[in-house]
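Reader: I have a model open and want to learn how to read it. Can we go feature by feature?

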Amino acid sequence: MFRVLASLMTTRAQALNVLKSSAVNVGNKPVAPVRYTNCGDFFCSNCAKSSKCYLCGIPVRPNEIRTDHTILNLIRDCDTIANVIKEDNLWNTQIEKKNVSLKSNPLPNNSYTNNTDNKITNNQIPKSVAKNINKRNPKGETSLHAACLKEQKELVESLLNAGANPNTKDNANWSPLQECINFGFYEISKLLLKAGAYPNIPGFDNRTPLHEAVLTNRIREAKLLLEYHANKDVYDQFGKKPIDYCISKEMQQILSDGDLISNNTESEYDLNCTLNQTSFQADLIVYLSNLNETSKKLFEKAASKHKIKSLPTFKSSVTHVIVEVNNKNITNLTYDVMLAILSGKWLLTSEWISMCLELEDIHQMELELFEVSGCPILGIPKLARQNQEYQNPRLFNRCFFYLALQVDVVYSIGDVNLTKKEITELIIAGDGTVLNREPNPEDIKDKEQCIPFHTSRNPHHPLFKCTHYIIYAPGNDEPRIKYNMSHIKSLPLIWLIECIEKFTLLNPSYLGL
């Protein structure tokens, strides 16, 4: 291990003084310095072999260790200084270890620990901090992520009591629960589950917390997840269930007996899942889609009363889309409605606006009372919205599309008229990828096959391993060669629209294909 290096100095006394005042550890000359990207501390590569940081105790994965070129350059500068000031034993000088922090605050802009005992309670959290409690740092981590990684149980409990969302994901697609399961933090995992953390939330490679528990052979954590009804039959992007990763007979037995564990426990998780998820949402950002003049005027009054922000066009930041419905609470399928479905937004009737005018606090409103029932298929708006709330991948996740369509043509599918640009935007809203060139079936076949999330629970689905689609419009421009392989298929545009309308990767046979 090694210490903070001296700045450029011109005298022996100054160099040694800086070393003594900034040293973290003692030892010989640092070799191949590396930095832990999750906490900012750095060490010799020979010493960076533990699963935790020596200084702060934060767990470290191999992919979070990076060569530190800045420190490497400083070592070279110090060698130059040693040569100038005639200090041959510069790196062997014994220095008293000091408690010096080398990293930025792990809870940026949210530091509210008590200086006396380094613990906090809910009453000690300022209102300004509680309001921004789910704010993310550049790595996408919230204060709850940081507290979980440092195994600070009291801090985690206080953050959850103050309204921290247990289901946020960082930029690497990890939720706090997945982090804790992976590192074996049983007590914190239990706190998160009690606070409403989703036991089946998919993360990196679409693995769930139960996948992580099995991969790391965390027996207690696996039992805990099963008590909260973790799904044993969910597949990751490689088509593997948790039991496929078993490395011990004990874990295999637990997964085999998992139904008994789940059936003998209280329905605490079911209660948590009924909590109004809007308590974790940010401020309302509304988009009005084809409202009549009366509804528009009412919304102006409601927006003025409650300071509701609205956008003139649909964007990813929109939280609620307001539409007109018929007497059966059904709206027409439009481009805006499809964007809302694919993005998992709240799709509300214009009656919500009238209720906003009557209430003093619209955040206490039961939004499901105003949720559109269908568009036109019943239950789809709620299904799509819950898919987003549970942090599941969107409909076209892991799917690649080549559009064999013309740019200047408007395509009519039922009552919907769409351009190629709008179709592209729909695919992107569903987290799909639009290809610029037609894929070669043989090239795709040689690559590692991934399983799209929305077919992964049904190995018998005809699209189970299909990741590439060529979308065409029947007629004169219809491609002469059509593919019907397990990994690539040529399908008409109506199939894509039907997938959105039904919020599923539709079996082509339902359309007679």
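Author: Start with one helix. This is a predicted model. In helix α16 (residues 380-389), the buried residues are Ile380, Pro381, Ala384, Arg385, Asn387 and Glu389.

Reader: How should I think about positions along a helix?

Author: An α-helix has 3.6 residues a turn, so residues three or four places apart point the same way. Take that spacing to the buried residues of α16, which include Ile380, Ala384 and Asn387.

Reader: What covers the buried residues of α16?

Author: The cover includes α14, β7 and α19 (493-502). Look just past the helix too. Glutamine 391, just after α16, has a positive phi of about 65 degrees.

Reader: Next, two helices side by side. Which numbers do I need?

Author: Two packed helices are described by the angle between their axes and the distance between the axes. Try helix α5 (residues 153-161) and helix α7 (residues 186-194). Their axes come within 10 Å and cross at roughly 5 degrees. Angles under 35 degrees count as roughly parallel, and α5 and α7 are therefore roughly parallel to each other.

Reader: Which residues of α5 and α7 meet?

Author: From α5, Lys153, Val156, Glu157 and Leu160. From α7, Glu187, Ile188, Leu191 and Leu192.

Reader: Does a record say anything about repeats, and which residues does it list?

Author: UniProt, in an unreviewed entry, lists "repeat: ANK" at residues 139-171 and 205-237. Now check the model. Residues 139-171 are 48% helix and 0% strand, with end C-alpha atoms 6 Å apart. For residues 205-237, the span is 48% helix and 0% strand, and the end C-alpha atoms lie 6 Å apart.

Reader: On to sheets. How do I read one?

Author: Get the strand order, then the direction, then the edges. One open sheet has four strands in the order β5-β4-β6-β7, with parallel pairing. At its edges, β5 (309-311) and β7 (346-349) each have a single partner strand, so one side of each is left without a neighbour in the sheet. Neighbouring strands are turned by 35 degrees against each other on average, direction ignored.

Reader: How many bridges join β6 to β7?

Author: Four, and strand β6 (residues 320-323) runs parallel to β7. For a register point, take valine 321: its bridge partner in β7 is leucine 347. A helix packs here as well. Helix α15 (residues 351-358) touches β4 (285-288), β6 and β7, and its direction makes about 80 degrees with that of β7.

Reader: What is the strand order in the sheet that holds β8?

Author: The order is β11-β8-β12-β13, in an open sheet with parallel pairing. β11 (433-435) and β13 (488-492) are the edge strands, each pairing on one side only. Three bridges join strand β8 (residues 400-404) to β11. Tyrosine 402 stands opposite leucine 435 there.

Reader: Which helices lie across β8?

Author: Helix α17 (residues 420-429) lies across β8 and β11, at about 175 degrees to β8. α19 lies across β8, β12 (468-472) and β13, at about 90 degrees to β13.

Reader: Last topic: cores. Which residues have the most contacts inside the largest nonpolar core?

Author: Phe396, Phe401, Leu418, Tyr469 and Trp495, in a core of 49 residues. Helix α14 (residues 335-343) gives the largest share, seven residues. Now zoom in on phenylalanine 401. Among the residues that it touches are Phe396, Ile427, Val434, Leu435, Tyr469 and Trp495. Apart from this core lies another, of 37 residues, including Leu160, Ala197, Leu210 and Cys246.

Methods
Residues are numbered from 1 along each chain as its sequence is written. This is a predicted model: local features need pLDDT of at least 70, side-chain atom pairs count only at pLDDT 80 or more; totals for chains, interfaces and linings use all residues. Side-chain values use heavy atoms; hydrogens and water are left out. A nonpolar core is a set of buried Ala, Val, Leu, Ile, Met, Phe, Trp, Tyr and Cys residues joined through side-chain atoms within 4.5 Å. Buried means under 20% relative accessible area, exposed over 50%, partly exposed in between (1.4 Å probe, protein chains only). Helices (H or I, at least four residues) and strands (E, at least two) are DSSP runs, numbered from the N terminus. Contact means heavy atoms within 4.5 Å. UniProt positions are given in the numbering used here, feature names are shortened, and annotations may be inferred rather than shown by experiment. Two strands pair if DSSP finds at least two bridges between them. Axes are lines fitted to C-alpha atoms, for helices over the stretch in contact, and angles run from 0 to 180 degrees between N-to-C directions. Angles under 35 degrees count as roughly parallel, over 145 as roughly antiparallel, 65 to 115 as roughly perpendicular and the rest as oblique.
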